[in-house]
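Here are my notes for a colleague opening this entry for the first time. Please keep the model on screen while reading them.

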Amino acid sequence: MPSEPTAETLLDVRDITVSFDGFKAITSLSLSVPKGSLRVLIGPNGAGKSTLLDTIIGKVRPVSGEVRFGGEVISKLPEHRIAGLGICRKFQAPGVLEGLTVRQNLLLTARKDKGVLGILKAPTAAEQERADELMRLTGLTERADVLAASLAHGEKQWLEIGMVVAADPQLLLLDEPTAGMTAQETAQTAQLIHTLAGRHTVLVIDHDMHFVELLNAPITVLHQGQVFREGDLDTLRNDPDVMEIYLGRPKDAESGAQSSEGTHARA
Ligand SMILES: Nc1ncnc2c1ncn2[C@@H]1O[C@H](COP(=O)(O)OP(=O)(O)OP(=O)(O)O)[C@@H](O)[C@H]1O
């Protein structure tokens, strides 16, 4: 059963249904995420994970149900108003400006005055300090003056996480942050996310079970647009129904039967 909202709930998705031309990508889904916590979202291809994040940020509208954030119903607000409440999403592909250095990218997002004239002004001491702090957080201090174009794939992802964090979001949504990373980069990303949780509430989608293990956080399993299970990794790994839907491994796998779902799960 999905967790029930409590006084500490920051994100409260209540009984939402999302339909694309009559096809229900999400059906009566409820999810509650406490303030300052880390939550992992997994599920086979097409389970509705990205659609759920799209609905939280207001890119997609539910046909029924509502999304509450800090007690306020946000599912009818325009996307920019939702972002303004402190919900930031980092997509899989890095969105850094390749022609700028690490420091310049971070300074750009740390600017208080984001108007054209504001951006042309020299950064204030407080903005410089914020950029330094974000470089320390993401482990990029040594790379401050390197062009983003020259960064390794993992470093680019950390820079983008830093840029998203610069806005000091209450809720951080990370969509497959370790895609394409080496094992070492993946471990460093897990550490970074642990540092972020507490200061921020973090919701992570990922398919990499080694990364999910390193995150060591409560997991929500989605399947066919619904919450299928919630629990820790050990419990879920020992749940034959989860193995069947998520890993595409039928319960009677000895029979040799194969499912076509979940082929990219690395368990
Ligand atoms: N814009 C859209 N129009 C029509 N159908 C869509 C649209 N977006 C998603 N869907 C469908 O909704 C279902 C859920 O898709 P979604 O991308 O949310 O799944 P997912 O769990 O994120 O999958 P993956 O792990 O492959 O990214 C899928 O069947 C998908 O084809």
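1. Strand 4 (residues 64-69) and strand 5 pair in the antiparallel sense, over two bridges. Phenylalanine 69 stands opposite glutamate 72 of strand 5. Strands here are DSSP runs of E of at least two residues; helices are runs of H or I of at least four; both are numbered from the N terminus. Two strands count as paired if DSSP finds at least two bridges between them.

2. A word on the source. This is a predicted model: local features need pLDDT of at least 70, side-chain atom pairs count only at pLDDT 80 or more, and totals for chains, interfaces and linings use all residues. Residues are numbered from 1 along each chain as its sequence is written.

3. Strands 4 and 5 belong to an open sheet of four strands, with the order 2-1-4-5 and antiparallel pairing. Strand 2 and strand 5 (72-73) are the edge strands, each pairing on one side only.

4. Look at glutamate 66, which lies in strand 4. Is glutamate 66 buried or partly exposed? It counts as partly exposed, because it has 14 C-beta neighbours inside 10 Å. A residue is buried with 20 or more other C-beta atoms within 10 Å of its own, exposed with 12 or fewer, and partly exposed in between; C-beta atoms are placed from the backbone. Leaving aside residues up to four places away in sequence, glutamate 66 touches Arg14, Val73 and Ser75. Contact requires C-beta atoms, placed from the backbone, within 7 Å. Serine 30 is 36 residues away along the chain, and its C-alpha atom is 9.3 Å from that of glutamate 66.

5. Now the other sheet. It is open, has six strands in the order 6-7-8-3-9-10, and its pairing is mixed. Strand 6 (87-90) and strand 10 (226-231) are at the edges with a single partner strand each, so one side of each has no neighbour in the sheet. From one strand to the next, the twist averages 20°.

6. Check the pairings. Strand 7 (residues 171-175) runs parallel to strand 8 (residues 201-205), and five bridges join them. Leucine 172 has valine 202 as its bridge partner in strand 8. Strand 3 also pairs with strand 8 in the parallel sense, over four bridges; leucine 41 is matched with isoleucine 205. Strand 3 and strand 9 run parallel too, joined by three bridges. There, valine 40 has isoleucine 219 as its partner.

7. How many residues of strand 3 are buried? Five of the five are, so the strand is largely enclosed by the rest of the structure. Both faces are covered: Leu38, Val40 and Ile42 lie on one side, Arg39 and Leu41 on the other.

8. Helix 1 lies across strand 3 (38-42), strand 6, strand 7, strand 8 and strand 9 (219-223). It runs at about 150° to strand 7. Axes are lines fitted to C-alpha atoms, for helices over the stretch in contact; angles run from 0 to 180 degrees between N-to-C directions.

9. Helix 1 also gives the most to the shell around the ligand, with three residues. Strand 2 (23-34) and helix 1 (49-56) each supply at least two. Among the residues around the ligand are Phe20, Asn45, Lys49 and Thr51. A residue is near the molecule if its C-beta atom, placed from the backbone, lies within 6 Å of it.

10. Overall, the protein chain has ten helices and ten strands. Of its 267 residues, 40% count as buried.

Notes:
Contact = placed C-beta atoms within 7 Å.
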